[in-house]
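Hello,

Please find the structure below, for you to keep alongside your own notes. What I found in it follows.

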Amino acid sequence: MLKLNRKIIPNKKTRFLQNKKAMEFIMSAWWFFVLVIIAVGVTMGVLMFYSSSVDIKELEANALAGKVIDCMIVNGDLNKAFLNNADIFSLCSLNKEVIEKSFFIRVSFYDANSLKLNYPKEISAGVLAFERDCEIGEIKNAGGYPKCVEYSIPSVINDKEIIIKIIAGSNNAGVRDDK
Amino acid sequence: MMKCFIDDRKAVTQVLEVVLFIILNLIFIASLIVFVNRAGSSSAVLEQAYTKELAVAIDMAKPGTIISVNIEELAKKTGNSEKSNLINFRNSRISVGKYKYSVFTGYDIEVCAVKDSGINQARVYVHKNKEEKRLC
């Protein structure tokens, strides 16, 4: 049998690797580094998962729009009180304080044929800036922005066909009281 | 004889090194498992989920609605023996444990703890106004 008997000529690198103590030091340092990476990864993953919040802004905006539609249209007809400067908060049983802080609602009346603003009066309440913020949030697809929903309902005012456009938005956020 | 003794000492040291290495690794893995387990058993996520579900349900509810919530799991996780204090409604805010969330409904909300067929529940009553008869 042919025996290979090659002698490795130690250079700077191999000489260092042949040193057992130096090798052990490298391995332990490397192992420590691996452990730190694993620990940081697991901790970050767990913290990210448990600190993320459930976003129900769109659901709330839908609920708000639905509530306004419910009180605006009674038995298929438009509630006339809406057109007579009635207070939307008392008419739709909405909490003024909360709406003006974290919500937005706008009701517009359009001519069904010309699609122009038919009725001069627009009903709006809450933080009006949310309408623009919703658009920005949609473009940026980022958190922290309000979420809006839009509905169009055909109806009739004084024998004139109209379209009622309702935009509702929410930027409501929960609070954790750790005291 | 002397050489054998020296060899034995070397072997023991090597075995000790390996054992120590394994023990330290086990401690590291155990501490990671404990951390993940603790984070997972925290009631924070559950409180948030209950609060938001209740908030949407209240916002959509009409007067006369009764919302029943099974709070057995929640009470167990929060370790709250005072089940009547687990869900509250104050200043237009529904709170479950330490988590609070505003609701936009203008109706009056009443919350009470009840025990129905041995199950701890929270009942949320939606009243048209404050003058309406309390049901708790």
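Ser95(B) stands opposite Lys100(B), a residue of strand E4 of chain B. This is a predicted model, so please read everything here as computed. The pair belongs to two neighbouring strands: E3(B), residues 93-96, and E4(B) are antiparallel and joined by four bridges.

The sheet does not stop at chain B. Strand E7 of chain A, residues 175-176, pairs with E4(B), again in the antiparallel sense, over two bridges. Here Arg176(A) has Tyr99(B) as its bridge partner in E4(B). The result is an open sheet of four strands with antiparallel pairing, in the order E7(A)-E4(B)-E3(B)-E2(B). E7(A) and E2(B), the latter covering residues 87-90, are the edge strands; each has a single partner strand, so one side of each is left without a neighbour in the sheet. Helix H2(B) packs on this sheet and touches E3(B) and E4(B). The direction of H2(B) makes about 150° with that of E3(B).

On the contact between the chains:

The contact takes 29 residues from chain A and 26 residues from chain B. On the chain B side, the elements that give two or more residues are helix H1 (2-41), helix H2 (44-60) and strand E4 (99-102). H2(B) gives the largest share of that side, with nine residues. Sorted by class, the chain B side has 15 nonpolar, seven polar and four charged residues. H2(B) therefore appears twice in this account: it packs on the sheet, and it gives the largest share of the chain B side of the contact.

On domains, the assignment for chain B gives domain 1 as residues 1-41 and domain 2 as residues 44-127. The centres of these two domains of chain B, taken over C-alpha atoms, are separated by 50 Å.

Chain A has further strand pairing of its own. What does strand E6(A), residues 160-170, pair with? Strand E3(A), residues 103-111, runs antiparallel to E6(A) and is joined to it by nine bridges. In that pairing, Ser108(A) has Lys165(A) as its bridge partner. Strand E5(A), residues 147-157, also runs antiparallel to E6(A), with eleven bridges between them. There the bridge partner of Glu150(A) is Ile167(A). E5(A) and E6(A) form a hairpin with two residues between them, and Asn158(A) in the turn has a positive phi of about 50°.

Regards

Methods. Residues numbered from 1 in each chain as written. Chains lettered and ligands numbered in written order. Predicted model: local features only at pLDDT ≥ 70, side-chain atom pairs only at ≥ 80, totals over all residues. Contact = placed C-beta atoms within 7 Å. Nonpolar A, V, L, I, M, F, W, Y, C, P; charged D, E, K, R; others polar. Pairing = 2+ DSSP bridges. Axes fitted to C-alpha atoms, helices over the stretch in contact; angles between N-to-C directions. Domains from an automatic or database assignment.
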